[in-house]
Structure formats: C-alpha cells, structure tokens
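Reader: I would like to learn how to read salt bridges and nonpolar cores in a model of this kind. Could we go through them one at a time?

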Amino acid sequence: MNEPIFLAPVFQERIWGGRKLQDLFGYDIPNELTGECWAVSAHPNGQSIVKNGPYQGETLGQLWSSHQELFHSDSPVFPLLTKILDASDNLSVQVHPDDEYAGKNENGELGKTECWYIVDAEPGAEIIYGHEAQSKEQLVQMMDDAKWDDLLTKIKVKRGDFFYVPSGTIHALGKGIVVLETQQSSDTTYRVYDYDRKDKEGNGRELHLQKAIDVSTVPQSYQPVSYETFKQDGLTLTQLVSNEFFTVQKWNVDGTADFTANPKYTICSVIDGSGQLIAGDNVYPISKGEHFILPVEFGPYQITGSLELIISRE
C-alpha cells in the first residue's frame, strides 16, 4: 500500500485539562476540560479511526488485526500510543509499571515507558522528574510524612525540550505545558499524590501507593538526554531516543526532503507548519495537528514545505 493512513484522534476529558488542544492545533474538542488527544491509538480505551483510503472507518486496532502486511510486527497488539497532552493544571504525581509487573497485576496490560517532547510551555513551567529518596524505606517514610517538596525533583522546561521517562520514574507534568507523548500502548497509572484535589463530584481521586512503591526506581535522579542531529538537503533529523520500546525522532523540513522506503511502519505527527507529502503521482497536504502512519515499505517519497514532525517506530 503506497498511501499514508491518516487517523482521526480521540479526546479524553481530564480534571487538569483545558482548551489548548483547540487553541494550538485547531481540534474540535468536546469540552473545556479536554486534557488528552489520543492521536495514534489502538488501545481499547480510545481507538483512532482511519480517515482515508480502502480502510476508511476502521479502527487502528482492526487494521492491526486484519492487515498485518501493512506493519510486519511481532507484537500481538499495536505497541505504541501517541498523545498530545494539555496540562492546564498540574497532573497528579504518578509512576508506571514495567511489562513484567503490569502483566502480572493489570490483566496482561503492557507496561508504560514513555517520552515527552515539549510543544509549548508557559514561562516558569516545570515538571516533576525523579525524587530525592535514597532507599525504598526513605521513599515510604517521606510519602507517609507528606514531605512532597523535599521528596520530588522539579525541573523547569521550555518549548523544544525532550524527556525520556522509563517505567518506574516518579513524574508529573506541571501547569502550563503541552507535550507530545510517545509511549507504550498502556493506560496503567499509579497515582502517588494529587495535591488533595477533588473531582467534580467532590471526591478525592484514588491513590495507588503500594503499587507505586512496588514499581518505583530508587534512587532516581534526572539525567539530561544528549541528541544526535543529522542534516541533509531540506531535512534536519534529530534522534531523540532509541530503545527496545520505540525510536523517536524530530524532523525539521525546510524546502524539500527526500526519503526512501523504510522496512518498518512509521508514525508521523505534524506539530508545526504545513506542506505536502508526495509519493509518486499522489500529493497529500499535511499540516499542524495531523497524524498518519506510513505502512511498511512506503516510498520513496518527499516532504515539502516548512514543517516540524515527531516520528516514531517500534
């Protein structure tokens, strides 16, 4: 199939959500507390729908099950999930399990290793990444004593920053941040602390302290990520991370960039700008906020215009 698979996102209401998914990307959001755009998802809790071509109207999960020739993957489920998050308020402090723990305790769900590309950040915005405890005993004691300011490590962020967040990392997005998140296809979160907030029914949200303690990495300090950048003609390619779960790159296109067919399927998210994807005689307009998959052996192709994309592969 030499045609990109464009996907319609699914939106999720969150207590910390807002309107920036509409303001920044032009999405038709369902309400004023829209916190997440599940842009490329085959997870049962929110599946993207194919917008074009012979598979129009199918969910990504259906496509994965019925047309493996497009993906050539050994994974029994679509392994990745691409989101855009609008943290109009602080997210809960949380941690995610690895595959082994989730498989045993969450009905076979995948673990959740993720990474964040900061799309937008208000001045002074910060994240929580890691903690100051040097042992599990100290971690438990500081949590019991509610010494959150002493325990949690805060880092100021700006647009263009990138963070790799492996399972076991205590973390949270702070108020005023929009991120594109690439993660394993999992919806398992263990909430550690939620600022004593109440939901719209007046109830405090559930915490998952024992599971969080079980899976948290100790000790755990933030280590800055180093990048490799390659330039060729109209393309600047930055390798953000590559590991057993995913490879994530940033592509900056200025003019015309030529690509050959890739042996793996490729997930593409346009986070800024506009242009065209050209494959043979077919021309596809692409612009900020669009998400699509290039199936196995798609290409050769060109991308023209002025665009910033986040690219991921398993």
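**Salt bridges and cores**

Author: In this predicted model, R19 and E32 form a salt bridge through their side chains, with N and O 2.6 Å apart. R19 sits in the loop between strand 2 (10-18) and helix 1 (20-25), while E32 sits in the loop between helix 1 and strand 3 (34-40), so the pair ties together parts that are 13 residues apart in sequence.

Reader: Which parts does the salt bridge between R159 and D272 tie together?

Author: A salt bridge is assigned when a side-chain nitrogen of Lys or Arg lies within 4 Å of a carboxyl oxygen of Asp or Glu, and for R159 and D272 the closest N and O atoms are 3.9 Å apart. R159 belongs to the loop between strand 11 (152-156) and strand 12 (162-165), and D272 to strand 19 (residues 266-279), so this pair ties together parts that are 113 residues apart in sequence. R159 is partly exposed at 37% relative accessibility, and D272 is partly exposed at 33%.

Reader: Are D194 and R197 buried or exposed?

Author: Both D194 and R197 are buried, and the closest N and O atoms of their salt bridge are 2.6 Å apart. Salt bridges with shared partners join D89, D194, R197 and R205 into one network.

Reader: Which residues have the most contacts inside the largest nonpolar core?

Author: They are L60, F71, F78 and I293, in a core of 37 residues. Leaving aside residues up to four places away in sequence, L60 touches several residues, including L7, V40, F71, F78 and I293. A second, separate core of 21 residues includes A257, A279, F292 and Y301.

Technical notes:
Residues numbered from 1 in each chain as written. Predicted model: local features only at pLDDT ≥ 70, side-chain atom pairs only at ≥ 80, totals over all residues. Heavy atoms only, no water. Core = buried A, V, L, I, M, F, W, Y, C linked by side-chain atoms within 4.5 Å. Buried < 20%, exposed > 50% of the residue type's maximum accessible area, 1.4 Å probe, protein only. Contact = heavy atoms within 4.5 Å. Helix = DSSP H or I, 4+ residues; strand = E, 2+ residues; numbered from the N terminus.
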